[in-house]
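Please open the structure in your viewer and keep the selection panel at hand. The tour proceeds stop by stop.

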Amino acid sequence: MKPLILLSVVMGVMLSTPALPATALRFSAQQQSQQLQFNYQFDFNGQPQQLQFAISNSTLAGHFRQFRSFQPALLQQYLWQDLRAHAAQYPNVRLKRLPQHSGLRYQIRTTDAELQQKLSIELQQLSAQRTDFYLQRDYYYRHTMLFGQQYIIPDHQRLMTDSLTDLLPLAQALHAKLANTPSRDSLAYISSWLQQIPYQDLSDRSEAAGTSFSPPLKMLQENRGDCDSKAVLLAALLRMLLPDVKLAMIYLPQHAMLAVQLPAKADDMTVTIEGREYLLVDPTGPAQLAPGSISPQYQLYSRNNQFSYRLL
């Protein structure tokens, strides 16, 4: 993924490529009247499984229609318009945009030194406020990593919350299968299914600015997704099926996964967040990893608390 640059701060997206194969999944989507029928056949613990649910065409069409890959240049253009409009309130002041390799740079031209200093502060504050506005509008979020690096990433918390209604038919289908199933077994079942959905190869979008994140229904329609796309879908389903279980997104170098506050076994991989122990779950695939198991390449980060998080 190409790094995203904004206002002299390097910002990027954390993704990874898993290496191990998983059991083949059979998927089909069939149009039926005013809805799309999703059909899955997959294995769980060596046993064949089927999962079926239908989503209305109107729901599919409206699902995060406004979500687009993040474009730093477009954001800078919006900010430049806002800054110019603000500066226009002052007579005898002109803003000149300066050439740059990254970020938004400008020069305040006025003969009034006191006004120049005042306006400089105002424009910095306005730029920060409007940046937050545009990011929130477009479902993005400035996340600070463990060592202070800032990244613009999809707003996983809001994307999860705002997906719940659209995902209700899927949650109902899973509830019918998993009723009276222990929480950890339900988590294992859903995670195993997601691991078998093909991984999103970053080369498919290597020329696009932004991220390869797919909102939940788009991921299901395309039948492929990356680490944070699958983690958000898993989180949304757990929120509906296990509403009392606390969740957090875990951000590691070049990867993201989910943390679930369920009782851990002695050999489980866990992290401690705000004094509470969370079980690590990686639905990325294609490796079939049970809850509490993660790839060896990420174990060192979790053991040494070299991660950042966001509660969901």
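Helices (H or I, at least four residues) and strands (E, at least two) are DSSP runs, numbered from the N terminus. Two strands pair if DSSP finds at least two bridges between them. This is a predicted model, in which local features need pLDDT of at least 70 and side-chain atom pairs count only at pLDDT 80 or more, while totals for chains, interfaces and linings use all residues. Residues are numbered from 1 along each chain as its sequence is written, and side-chain values use heavy atoms, with hydrogens and water left out.

Begin with the whole protein chain, whose secondary structure amounts to nine helices and 14 strands.

Next, select residues 35-44, which are strand 4, and residues 47-56, which are strand 5. These strands run antiparallel and are joined by 10 bridges. Within this pairing, Asp43 has Pro48 of strand 5 as its bridge partner. The two strands form a hairpin with two residues between them. Select Asn45 in the turn: its phi is positive, at about 55 degrees.

Asn45 also leads to the next stop, as one of the residues nearest the centre of the largest pocket. A pocket here is an open set of points on a 1 Å grid over the protein atoms alone, where a 1.4 Å probe fits, with protein on both sides within 12 Å along at least five of seven lines; lining residues have an atom within 4 Å of a point. Select Phe44, Ala188, Ala290 and Pro291 as well, which also lie nearest the centre among the 15 lining residues.

Finally, select helix 6 (183-196). Helix 6 supplies six residues, the largest share of the pocket lining, and strand 4 supplies at least two.
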